[in-house]
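This report looks at how the interior of a protein model is packed. Start with the structure itself, then follow the text from the core outwards to the strands.

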Amino acid sequence: MDATSHAVGTTATAGGPVVGGQPGPADPLVPYLSADFPWYGLDDGWTGRRYLMQAGAGGPRAGAAGNVDYGTLGHGEEPARQYEPRDMRKFAVVVTMARRESRRSVDNTGTLEATSASSAAWLAGSGLLAATWPGQLDRTLRQDWLDQQSTLAWDLADDLAGPGWSTLSLPVNGLPQPFRYRESEYGWVLAGEAPGVLLGAYGRGVSAYGAGFATVPDLTAYTRP
């Protein structure tokens, strides 16, 4: 599995114009547009809200052309950013990850493994954990729970052929594609491949069985309110 995925990578952002000596708002589209691979989201069967989340890089010059390694596009309600006692938000997030051979790490001190479907599964699994956690836990226990569950998610992602996963066929650009799929009390995670990229997804309250994926021809659809 790609070591980038275990570290989750660095968020790629872009600085906005400088006004009065202070940087202006960043354009969230910049890191997405700098990627050298196609982005995937839910297909036209999804008629709800779409929004940008983040794009990240595992190599140097995060956000520079050709150095964005993965990113996420959201559908539905935005996952909670902090604890909510009765969080019932419904969402599906698509993870697009570039196919990369081994390459240098962010700090240039080591080599990262090639990306794989397991890498996409880890990113999806860690994304679901960050978005959903047991309401009975207070903040002091949250990190312990995240550490424990992240280790489990890592082990599961590294064994996509194992019993913790089942096979689910979903359309990608209109053609059936096999994915590895698993459910938990917190939501669902799936991972597989698509032309030119690796795909992952996670969600809650939105059925994975009815999902379909497609390349995104115009990312501005994800910037509208």
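Contact here means heavy atoms within 4.5 Å. The model is predicted.

**A central residue**

Which residues does Leu 199 touch, leaving out those up to four places away in sequence? The list includes Tyr 40, Val 94, Val 95, Thr 96, Ala 120 and Phe 179. It also holds Leu 190, Ala 191, Gly 192, Glu 193, Ala 194 and Phe 213.

**The cores**

Leu 199 belongs to the largest nonpolar core, which has 32 residues. Leu 199 is among the residues with the most contacts inside that core, along with Trp 39, Leu 73, Leu 190, Phe 213 and Leu 219. Helix H2 (29-33) gives two or more residues to this core. So do strands E4 (40-42), E5 (50-57), E7 (91-98), E10 (166-172), E11 (175-184), E12 (187-194) and E13 (197-204). Another core, of 25 residues, lies apart from this one. Among its members are Tyr 51, Leu 123, Trp 154 and Leu 198.

**Strand E13**

In a regular strand the side chains alternate between the two faces of the sheet. How many residues of E13 are buried? The count is 8 of 8, and the strand is mostly covered. One side carries Val 197, Leu 199, Ala 201 and Gly 203, and these are buried. The other side carries Leu 198, Gly 200, Tyr 202 and Arg 204, which are buried as well.

E13 pairs with E7 and with E12. The table sets out both pairings.

| Strand pair | Sense | Bridges | A bridge pair |
|---|---|---|---|
| E7 and E13 | antiparallel | 8 bridges | Thr 96 and Leu 199 |
| E12 and E13 | antiparallel | 7 bridges | Val 189 and Tyr 202 |

E12 and E13 also form a hairpin, with 2 residues between them. Gly 196 sits in the turn and has a positive phi of about 85 degrees.

**Aromatic residues**

The structure holds 5 aromatic pairs. Phe 37 and Trp 39 make one of them, with 4.8 Å from centre to centre. Their planes are 55 degrees apart, and the pair is tilted. Are these two residues buried or exposed? Buried means under 20% relative accessible area. Phe 37 has 8% relative accessibility, so Phe 37 counts as buried. Trp 39 has 5%, so Trp 39 counts as buried too. Tyr 32 joins Phe 37 and Trp 39 in one aromatic cluster.

A charged residue also meets a ring elsewhere. Arg 182 lies over the face of Trp 165, at 5.9 Å from the ring centre.

Technical notes: Residues numbered from 1 in each chain as written. Predicted model: local features only at pLDDT ≥ 70, side-chain atom pairs only at ≥ 80, totals over all residues. Heavy atoms only, no water. Core = buried A, V, L, I, M, F, W, Y, C linked by side-chain atoms within 4.5 Å. Buried < 20%, exposed > 50% of the residue type's maximum accessible area, 1.4 Å probe, protein only. Helix = DSSP H or I, 4+ residues; strand = E, 2+ residues; numbered from the N terminus. Phe/Tyr/Trp six-rings, centres within 6.5 Å; stacked < 30°, edge-to-face > 60°. Lys NZ or Arg CZ within 6 Å of the ring centre and 35° of its normal. Pairing = 2+ DSSP bridges.
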